[in-house]
Amino acid sequence: MSLEQVPASERIHIGFFGARNAGKSSLVNAITGQEVSIVSSVAGTTTDAVSKSMELLPLGAVLITDTAGYDDDDALLGQQRIERTRRELYRTDIAVLVMDAAKPVSDTEQALILLFQKERTPFILAYNKCDTLENRNVLQAENQIYVSARSGEGITELKEMLGRILKDSEEERFIIRDLIEKDDLVVLVTPIDESAPKGRLILPQQQTLREVLDANASALVVQTEQLGGLLQTLKHPPKMVVTDSQAFAQVAKIVPDDIPLTSFSILLARYKGFLQTAVEGVKALQALPEGAKILIAEGCTHHRQCNDIGTVKLPNAIRKLTGRQFALSYCSGGSFPEHLEEYSLVIHCGGCMRSEREIQWRMRTALSQGVPFTNYGVTLAACTGILERTLMKNLLLPESDSAV
């Protein structure tokens with residue numbers, strides 16, 4: 001996969017924030033070497049977030065977002081634009097606060113710094129328009145830098161600073177690579193039904209397959225109906241079987257108990273850092289009263305088929321497990337409600353199309369309001385009665401949190 005083909009969820013998200021007319025758009029254009037954003041001397045030219053996927057050395061594949069001014073005072077749309085800017089922060093891996101170097105730090109900029117700190121988002125203070133200063137104060141912190149979008153001063157240094165901060169905060173994560181060794185065999189069960197995308201595998205299947213190959217292991221990709229025959233032909237059992245969660249019931253009957261079994265969705269929950277929360281959250285399902293509200297959240301947008309997993313298969317499995325009817329609500333894509341008090345449970349997809357930071361924000365939003373948070377794969381495993389098995393004797397959980 002070339003850098004141009006890296007999905008947005010796997011790119012480093014860099015967000016440029018600040019007050020109107022601080023030079024955010026000009027700095028974004030200088031950093032990227034492209035006219036990503038419209039530049040004007042009129043305050044508030046950028047009225048909505050503008051994103052650009054690109055390769056930015058020395059960082060690699062990034063998604064750079066230029067946001068509207070956080071002090072937008074437009075009577076009709078200003079508050080909505082501020083809200084959109086704030087939501088951009090929830091998917092941002094590192095924030096650049098662009099400030100006019102000739103002006104004192106404003107209340108708006110102080111508010112953004114507090115928001116960065118609250119969300120534990122690494123940030124850089126970029127004092128723009130430094131070429132207009134007669135005298136410069138000595139910068140006191142490692143995350144502060146003088147830049148000029150007009151003259152180009154500090155642009156290279158800003159890129160290098162972004163690289164250093166991201167390198168220090170980055171923790172290498174794997175979907176499956178750390179669970180297998182060289183020459184292991186992994187069987188990937190990928191049902192091709194009416195809900196499967198035409199002509200391609202879905203992203204979690206692609207990512208898992210690639211990590212198997214990166215580990216110098218082997219993968220066999222098979223549909224559910226061919227799985228039994230395939231296992232019988234193997235001289236040695238596979239290291240593990242990974243299946244689409246909606247096929248758990250059939251696959252669990254075929255795969256012997258001594259062969260580890262899990263799903264792409266469960267591996268994605270581990271990869272995104274919320275598997276333990278998902279395992280704890282699904283425990284609430286059995287205790288929910290008739291009519292309780294459940295939010296089913298998907299990270300992508302797609303045309304729903306007649307046998308869609310989120311609207312058909314998952315609700316059917318929940319009704320079969322609990323014997324009760326619940327009030328189901330749905331959200332998809334980049335939309336996710338911040339106020340969840342009316343819900344008794346949130347069931348999220350694997351989150352392959354959302355960044356880890358955004359999924360973590362969604363999880364924290366639910367938990368802070370006392371709402372359990374789980375995901376498709378964990379829920380379907382619980383409904384099938386094989387949750388403990390799919391955690392592979394708790395191998396997938398953090399050592400400190402490995403009690404089911």
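In this predicted model, strand E4 (residues 94-100) pairs with strand E5 (residues 123-128) in the parallel sense, and six bridges hold the pairing. Within this pairing, Leu97 stands opposite Leu125 in E5. E4 also has a partner in strand E1 (residues 12-18): the two run parallel and are joined by five bridges. Here Gly15 stands opposite Ala95 in E4.

The surroundings of E4 fit into this picture. Seven of the seven residues of E4 are buried, so the strand is largely enclosed by the rest of the structure. Both of its faces are covered. On one side lie Ile94, Val96, Val98 and Asp100, and on the other Ala95, Leu97 and Met99, all of them buried. Readers following the strand in the structure above may like to start from Ala95, which faces Gly15, and then move to Leu97, which faces Leu125.

Attention now turns to the nonpolar cores. The largest of them has 76 residues, and Ile176 and Leu275 are the residues with the most contacts inside it. Helix H8 (residues 264-271) contributes six residues, the largest share of this core. Apart from this core lies another, of 26 residues, including Ile12, Val28, Met54 and Leu166.

Leu275 merits a look of its own. Leaving aside neighbours within four places in sequence, Leu275 is in contact with Ile266, Ala269 and Arg270, as well as with Val378, Leu391, Leu396 and Leu397. Helix H9 spans residues 275-282 and also holds Thr277. Thr277 has a relative accessible area of 19%, which is under the 20% cut-off, and therefore counts as buried. Its contacts, again without neighbours within four places in sequence, are with Met363, Leu367 and Phe373.

The model was also examined for enclosed space. The count comes to one cavity of 30 Å³ or more, and the largest cavity has a volume of about 30 Å³. The residues that line this cavity are Leu89, Tyr90, Glu119, Thr121, Arg357, Trp361 and Arg364. Helix H11 (residues 356-368) provides three of the lining residues, the largest share. By class, the lining is made up of three nonpolar, one polar and three charged residues.

Conventions
Residues are numbered from 1 along each chain as its sequence is written. This is a predicted model: local features need pLDDT of at least 70, side-chain atom pairs count only at pLDDT 80 or more; totals for chains, interfaces and linings use all residues. Side-chain values use heavy atoms; hydrogens and water are left out. Helices (H or I, at least four residues) and strands (E, at least two) are DSSP runs, numbered from the N terminus. Buried means under 20% relative accessible area, exposed over 50%, partly exposed in between (1.4 Å probe, protein chains only). Contact means heavy atoms within 4.5 Å. A nonpolar core is a set of buried Ala, Val, Leu, Ile, Met, Phe, Trp, Tyr and Cys residues joined through side-chain atoms within 4.5 Å. On a 1 Å grid over the protein atoms alone, a cavity is a set of points where a 1.4 Å probe fits but cannot get out, and a pocket is an open set with protein on both sides within 12 Å along at least five of seven lines; lining residues have an atom within 4 Å of a point. Grid points are joined across faces, edges and corners, and a volume is the space filled by probe spheres set on the points. Ala, Val, Leu, Ile, Met, Phe, Trp, Tyr, Cys and Pro count as nonpolar, Asp, Glu, Lys and Arg as charged, and the others, Gly among them, as polar. Two strands pair if DSSP finds at least two bridges between them.
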